[in-house]
Amino acid sequence: MLSKPKVLVTGANGLLGRNSIQLLCDEYEVYAAVHIMPREPVDHVKYIMLDLSEQWSVEELPSNLDVIIHLAQSSRFREFPEQSPDIFNVNISSTARLLDFAWRTNVKKFVYASSGGIYDSSETALDEDSSIVAHSQLGFYLGSKLCGEVLVQNYSQLMDVTTLRFFFIYGAGQRRTMLIPRIIDSVSDYTPISLQGNDGLRINPIHVSDAVLAIKKLLKMAGSHTINIAGPSTLPLKKIAETIGDVIGRKPVFDYIGGEPMDLIGDTTAMKRLLHTPQILFKNGIKDLI
């Protein structure tokens with residue numbers, strides 16, 4: 001009987017990480033790097049306690065991995081400048097150490113989770129060659145994600161590397177500090193939601209189940225790539241809040257603050273051609289988070 005390919009997933013307690021290891025463990029031997037052990041570990045997954053914000057040793061990692069899926073990001077990403085060392089250690093330093101480890105141990109594929117937030121806003125959908133926000137305006141967190149991309153791309157001659165730029169993932173169990181849960185809480189509490197223009201910015205959020213199906217398909221694909229991962233529908237914030245209001249039976253309250261909205265819409269042409277066509281419409285996917 002052939003052994004299963006070995007995959008390490010960092011950030012395995014997060015929304016994307018938890019769903020990824022659940023999907024992959026039937027086909028792969030999955031190692032999950034976590035800061036703390038989850039209350040409900042996923043069956044057949046081997047957990048590794050690893051605090052990427054502190055000093056850690058690659059000796060704690062398996063030496064015969066086939067794939068590394070680096071999803072971890074600093075939980076302190078909103079706390080600049082006070083927590084800038086934490087953000088740097090998790091988002092940049094650990095990425096560099098994992099890439100070096102991958103090269104030295106003959107890992108075949110490295111997958112890096114970046115953000116669609118690095119793109120400059122546009123009224124049209126942003127493809128993988130669209131302009132990036134000026135470095136001085138990115139902010140420390142998004143700047144750290146872009147630095148990670150540069151590090152990853154430099155290993156493309158040594159192994160298959162892919163950067164996935166995620167646009168507003170949502171799903172059950174997501175931290176309440178993220179965008180979609182914050183909107184849910186605002187609608188529930190009748191807290192005014194600030195909108196630029198008449199409808200607010202437009203985005204195409206992706207349900208986590210569509211996102212992990214794209215990751216699974218990527219593991220079967222050769223070569224190095226940069227691919228947007230976004231949802232099937234473009235919605236303004238006002239429509240998102242109204243859809244949530246319809247589900248929970250409350251009418252959203254809006255605060256119109258003027259100005260022009262800064263749209264952030266991911267073009268999914270490459271995603272659909274190479275990986276997976278997202279299926280879950282927001283009006284259906286939001287129900288499991290609520």
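A pocket is an open set of grid points with protein on both sides within 12 Å along at least five of seven lines, and its volume is the space filled by probe spheres set on the points. The exercises below use a predicted model.

**Exercise 1. The second largest pocket**

Task: State how much space lies in the second largest pocket, which residues lie nearest its centre, and how its lining divides by residue type.

Solution:
1. The space in the second largest pocket comes to about 450 Å³.
2. Its lining consists of 22 residues. Nearest the centre are Phe168, Leu179, Leu201, Leu237 and Met262.
3. By type, the lining has 14 nonpolar, six polar and two charged residues.
4. Helix 4 and strand 8 each supply at least two residues of this lining. Helix 4 gives the most, with four residues.

**Exercise 2. Two residues of the pocket centre**

Task: For Leu237 and Phe168, find where each lies and decide whether each is buried, partly exposed or exposed.

Solution:
1. Leu237 lies in helix 6. Its relative accessibility is 11%, and the limit for buried is under 20%, so Leu237 counts as buried.
2. Outside its neighbours up to four places away in sequence, Leu237 touches Ile183, Leu195, Asp199, Gly200, Leu201 and Ile203.
3. Arg97 is 140 residues from Leu237 along the chain, and the two C-alpha atoms are separated by 38 Å.
4. Phe168 is found in the loop between strand 6 (160-166) and strand 7 (169-170). Its relative accessible area is 26%, between the 20% and 50% limits, so Phe168 is partly exposed.

**Exercise 3. Length and packing of two helices**

Task: Check the end-to-end spans of helix 6 and helix 3 against 1.5 Å a residue, then list what packs on their buried residues.

Solution:
1. Helix 6 covers residues 237-248, which is 12 residues. The expected span is 1.5 Å times one less than the number of residues, therefore 16 Å for helix 6; its end C-alpha atoms are 17 Å apart, which agrees.
2. Helix 3 has 14 residues, 140-153, so it should span 20 Å; its end C-alpha atoms are 20 Å apart, which agrees.
3. In helix 6, the buried residues are Leu237, Lys238, Ile240, Ala241, Thr243, Ile244 and Gly245. They pack against helix 4 (179-189), strand 8 (193-195), strand 9 (202-203), strand 12 (235-236), strand 13 (254-256) and helix 8 (282-289).
4. In helix 3, buried positions are Tyr141, Leu142, Gly143, Ser144, Lys145, Leu146, Gly148, Glu149 and Val152. Their cover includes helix 2, strand 5 (109-115) and strand 6.
5. Just after helix 6, Gly249 takes a positive phi of about 75°.

**Exercise 4. Backbone exceptions**

Task: Find residues other than glycine with a positive phi, and a peptide bond that is cis.

Solution:
1. Most residues other than glycine have a negative phi, and most peptide bonds are trans.
2. Phe168 is not a glycine, yet its phi is positive, about 50°.
3. Tyr190 is another residue other than glycine with a positive phi, near 60°. Tyr190 is found in the loop between helix 4 and strand 8. With a relative accessible area of 45%, Tyr190 is partly exposed.
4. The bond joining Phe80 and Pro81 is cis, with omega about 5°. Pro81 sits in the loop between strand 4 (67-70) and helix 2 (84-104).

**Exercise 5. Two buried polar side chains**

Task: Determine which backbone and side-chain partners the side chains of Asn204 and Thr10 reach.

Solution:
1. Asn204 is in the loop between strand 9 and strand 10 (206-207). At 3% relative accessibility, Asn204 counts as buried.
2. The backbone oxygen of Gly266 is reached by the Asn204 side chain at 2.9 Å. Asn204 and Gly266 are 62 residues apart along the chain, with C-alpha atoms separated by 6.8 Å.
3. Leaving aside neighbours within four places in sequence, the contacts of Asn204 include Phe167, Ser233, Thr234, Ile265 and Thr268.
4. Thr10 lies in strand 1 (residues 6-10). Its relative accessible area is 1%, so Thr10 is buried.
5. The Thr10 side chain makes a polar contact with the side chain of His70 at 2.7 Å. The same side chain reaches the backbone nitrogen of Leu71 at 3.0 Å.
6. Residues up to four places away in sequence aside, Thr10 touches Ala33, Ile69, His70, Leu71, Ala72 and Leu98.

Methods. Residues are numbered from 1 along each chain as its sequence is written. This is a predicted model: local features need pLDDT of at least 70, side-chain atom pairs count only at pLDDT 80 or more; totals for chains, interfaces and linings use all residues. Side-chain values use heavy atoms; hydrogens and water are left out. Buried means under 20% relative accessible area, exposed over 50%, partly exposed in between (1.4 Å probe, protein chains only). Contact means heavy atoms within 4.5 Å. A polar contact is a pair of N or O atoms within 3.5 Å; within protein, one must be able to donate a hydrogen and the other to accept it, and residues adjacent in sequence count only if both atoms are side-chain atoms. On a 1 Å grid over the protein atoms alone, a cavity is a set of points where a 1.4 Å probe fits but cannot get out, and a pocket is an open set with protein on both sides within 12 Å along at least five of seven lines; lining residues have an atom within 4 Å of a point. Ala, Val, Leu, Ile, Met, Phe, Trp, Tyr, Cys and Pro count as nonpolar, Asp, Glu, Lys and Arg as charged, and the others, Gly among them, as polar.
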